[in-house]
Amino acid sequence: MKILKQYIPLFVAGILAACSPNSQQGSDEQEQKDEQMTSHDIHSYSHPAEAVITHLNLDLTVSFENKTLEGSAELDIENKTGVNEIILDSRDLNITKVILDNGEETTFNIAEPQPYLGSALTIAIKPNTKKVKVFYSTSPNAAALQWLSPEQTAGKKQPFLFTQSQAVLARTWIPLQDSPGIKFTYNATVRCPKELMALMSAENQTSRSKDGIYHFSMPQPIPSYLMALAVGDLEFRELSDNSGVFAEPTLVEKAAWEFAEMPQMISSAEELYGPYAWGRYDVLVLPPSFPFGGMENPRITFATPTIIAGDRSLVALIAHELAHSWSGNLVTNATWNDFWLNEGFTVYFETRIMEKIYGKNYADMLTLLSLMDLKETITEMGDTSRDTHLYLDLEGKDPDDGVTDIAYEKGRFFLTSIENAVGRERWDQFLNKYFTSNAWRTMDTKTFIEYLETELIKGDKELRNTINYEAWIYGPGLPSNCPVITSSELEKAEAASQAFIGGATASSIDTSGWTTHHWLYFLRKAGESAQTITTERVAELDKAFDLTNSGNSEIQCEWYQLAILNNYEKAYPAMESFLIHVGRRKFLKPIYTALMKTPEGSKLATSIYAKARPGYHTVSIQTLDAITKYGK
Ligand SMILES: [Zn+2]
C-alpha cells in the first residue's frame, strides 16, 4: 500500500451529508459543509474520497475463554466515484468471509501487515453496492483489547474486558476505515457471559440484562477511535437525571462520592460553550491497568481508578474528558498531525470548567504545574525540535508518539495567549461559534487558521502579530508571548520547600489546607535541589507525612521519583507494588525512567518490569519496552 507523503487537501463531499442525522441545517449550508477541505490521513489505508463508510452494524460474541470477539461488521458504504473496491483498515483480524447487499459472497485481499498500521483490507464491490458485511474474529493479542483475569479486578471474582481504540487501534477489533476524518453512526449487538454487563460508547442500559445480550445505538456520527466496549461485573449509581457512574460493585460507592460534582461540571461546560450534544454523560471506572487517565468515549468516559483519591482532588480529569464532548468528539482533528486541535482545546476548556467550579486560585495551581511539565518536556525534546511544533509531522511514526505535552499543554497555552490578546469575552464568543458551526465535522490545522483569520483576526494586522500563530503552530518551543502563570497557593508550597531545603525540619512545615497540588509542587521543588537534600532528609519527610503509603496516585508518583533520586530504599517495596498494580502510562513512564538512570536502578526496573509487564495494556508496554530496554 502506498502511503502518501505530501499534505494533500482532498474533497470529502458526501461524508458529512451522510453522517449528520441530527443537524438541522438547510441544504445550502449543508452543501457548503460538504465541500469542506480536509487533509489526507497517512495513518489509514482508506480512500474516503472514492468509497467511504457511513454506518456500522456490529454483532459480536465475547469469549473470555479464547480471548476473542467473534461475529460480523456490516458497513453501509457510499461509493462516490463508482469504484470497484473499497479499502478498510485491519490489523491481526481473522477474516473468514465478506458478503455484499444481497448476501452474495465477494472477494477480498489482506495486504502484507505493516508495523502499527496493520493491513489494507481491499474488498471487491460494485458501483451500486450499499453494504459490505465482514465476518471475522479478533486475535487474542489484539492491541486494543485488554483481557483481565479476575485477580486483576477490584472484585477478584469475574474477568474484565476493555478496549482502547485511540489512536489507530480500532482496526484491531473492527474492520473499518480507521481515520479520525471519517465519521459514521453505529448499532451493535454484544453477547457476553450473563453474569457480566456490556457497555459501549453509545446509548447504554443501566442494569444487567438477563441473557447477557446487549443492544446499542449511537445515532450521532463518530470517528473510529471513539469505538469502545467494556465487559465486566459492573453496577451503576445515578448522579443526576442525565449522568452517573459505572464501576465494579466494590468500588461503585466510592466512585459515586468522588465524582459527585459531575452534574455541576456538565452545567458549567454548557454555560461556557453551548449545550451538551450527546444525551447522557456517564463515567465507567476501569480496573487499574487502564493505560490512560481517561478516554473520552462518547456518552461514557472510560477512567482510571487512580483518580479516586478519597478527597475529590483529582477530578480535573473528569472535566477534561467531559470537555472532549465538544473539542474532539464534536469537532474532531482531521488527522493525528492535527492532534493539538483535540487536546489543546480540551485542556483549555477543562481549566475553564475547573475555574468556574473551584475558583481561579485553584485553577492557577493546575495551570502552573502544567506549565512546569511543558517546559520540562520541551527541554527533553530540545527547544528547536520539530516535535515541539503544534502541527505534528507523524510521517513514518505511530500516532501514539504524538501523545505528549506539546499537543496538550503547548496547545492550551497558545489558546490562553489568544484569550489574553483579545479578552475573555471576545474569545468565548469565538469559541462558542467555533464549536457550534463546526459541530459533527472534522477540522485540520489549515482550516482552523482560516477560521481564526475570518472570525477573530478579521484583517487586524496588529492582532495577527500579537497572536503570532505561525510561531506557535509551525515553530518550536515556547513563543515569547507565552502566558506568565503565577499561583498564590503554590507560593505557600514554594516557601515551605525553600524552608525545608534551607534546613527546617519536616515536622515544622505547615501543610494545613494543602491539596494534592501543593504537595506535587513541594516535592518537585525538593527534587530539583536533590543534591542539597540527603537520604536522611527524605526519610524525615516520610516519617512526618507517610508519603510512601500516601494512597494518592499523583503524590505517590512524584514521591517515588524523589526516593529514587535520593536512594531512599525504604520506599521501594511500596513503589514496586504501585508499579505492578497500576498500568497508567503517565505514572509508569517517569518512575521507570528515573530508575533506569543508575546501574542499580536499572537492575531493579528490569526485575519489577518483568513481573508487571503481563498486567499492562499494549499502549503502556510499547512505551515501557523502549524505556526499560526490554529483551535487549
Ligand atoms: Zn484528552
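This is a guided tour of selected helices, loops and backbone features, stop by stop. The model is predicted.

**Stop 1: helix α6 and its partners**

Select residues 339-358, helix α6. Two other helices on this tour pack against α6.

Add α4, residues 262-273. The axes of α4 and α6 come within 9 Å and cross at roughly 115°. That angle makes the two helices roughly perpendicular to each other, because 65 to 115 degrees is the range for that term. The crossing of α4 and α6 is right-handed. Show side chains at the contact. From α4, pick Gln264, Met265, Ser268, Ala269, Leu272 and Tyr273. From α6, pick Phe349, Arg352, Ile353, Lys356 and Ile357. Colour this α4–α6 contact by type: seven residues are nonpolar, two polar and two charged.

Hide α4 and bring up α5, residues 316-323. How far apart are the axes of α5 and α6? They are 8 Å apart, and the helices pack at an angle of about 125°. The pair α5 and α6 is therefore oblique. α5 passes α6 in a right-handed crossing. On the α5 side, select Ala316, Ala319, His320 and Ala323. They meet Thr346, Val347, Phe349, Glu350, Ile353 and Met354 of α6. The residues of this α5–α6 contact comprise seven nonpolar, two polar and one charged.

Now put both contacts on screen. Phe349 and Ile353 of α6 are among the residues that meet α4. Phe349 and Ile353 are also among those that meet α5.

**Stop 2: Thr351, inside α6**

Stay on α6 and centre on Thr351, which lies in this helix. Is Thr351 buried or exposed? Thr351 is buried, since 22 other C-beta atoms lie within 10 Å and the cut-off is 20 or more. Which residues does Thr351 contact, leaving aside its neighbours within four places in sequence? Select Ala363, Leu366 and Thr367.

For a long view, draw a line from the C-alpha of Thr351 to that of Asp76. The line spans 39 Å, and the two residues are 275 apart along the chain.

**Stop 3: helix α8**

Jump to residues 405-422, helix α8. This helix has 18 residues. From first C-alpha to last, α8 reaches 25 Å, close to the 26 Å expected at 1.5 Å a residue. Colour α8 by burial. The helix is mostly covered, with 14 of its 18 residues buried. Step just past the end of α8 to Gly423, where phi is positive, at about 90°.

**Stop 4: α14 beside α16**

Select α14, residues 516-528, together with α16, residues 553-565. Their axes come within 9 Å and cross at roughly 15°. That makes α14 roughly parallel to α16, because the angle is under 35 degrees. The crossing of α14 past α16 is left-handed.

Show the contact. α14 supplies Thr516, Trp519, Leu520, Leu523, Arg524, Ala526 and Gly527. α16 supplies Glu554, Ile555, Glu558, Trp559, Gln561, Leu562 and Leu565. By type, the α14–α16 contact divides into eight nonpolar, three polar and three charged residues.

**Stop 5: unusual backbone**

Most residues other than glycine have a negative phi, and most peptide bonds are trans. The next three selections depart from that pattern.

Begin with Asn567, in the loop between α16 and α17 (572-581). Asn567 has a positive phi of about 50°, although it is not a glycine. With 13 C-beta neighbours inside 10 Å, Asn567 counts as partly exposed.

Move to Lys67, in the loop between β3 (51-63) and β4 (68-79). Phi of Lys67 is near 55°, again a positive value in a residue other than glycine. Lys67 is partly exposed, having 17 C-beta neighbours inside 10 Å.

Finish this stop at the peptide bond joining Gln166 and Ala167. That bond is cis, with omega about 0°. Ala167 lies in the loop between β11 (160-163) and β12 (183-191).

**Stop 6: Tyr45**

Last, select Tyr45, in the loop between β2 (37-39) and β3. Tyr45 is buried, with 24 other C-beta atoms within 10 Å. Draw one more line, from the C-alpha of Tyr45 to that of Ser607. The two atoms are separated by 40 Å, and their residues are 562 apart along the chain.

Conventions: Residues numbered from 1 in each chain as written. Predicted model: local features only at pLDDT ≥ 70, side-chain atom pairs only at ≥ 80, totals over all residues. Helix = DSSP H or I, 4+ residues; strand = E, 2+ residues; numbered from the N terminus. Expected span 1.5 Å × (residues − 1). Buried ≥ 20, exposed ≤ 12 C-beta atoms within 10 Å, placed from the backbone. Axes fitted to C-alpha atoms, helices over the stretch in contact; angles between N-to-C directions. Parallel < 35°, antiparallel > 145°, perpendicular 65-115°, else oblique. Left-handed = near helix turned anticlockwise from the far one by under 90°. Contact = placed C-beta atoms within 7 Å. Nonpolar A, V, L, I, M, F, W, Y, C, P; charged D, E, K, R; others polar.
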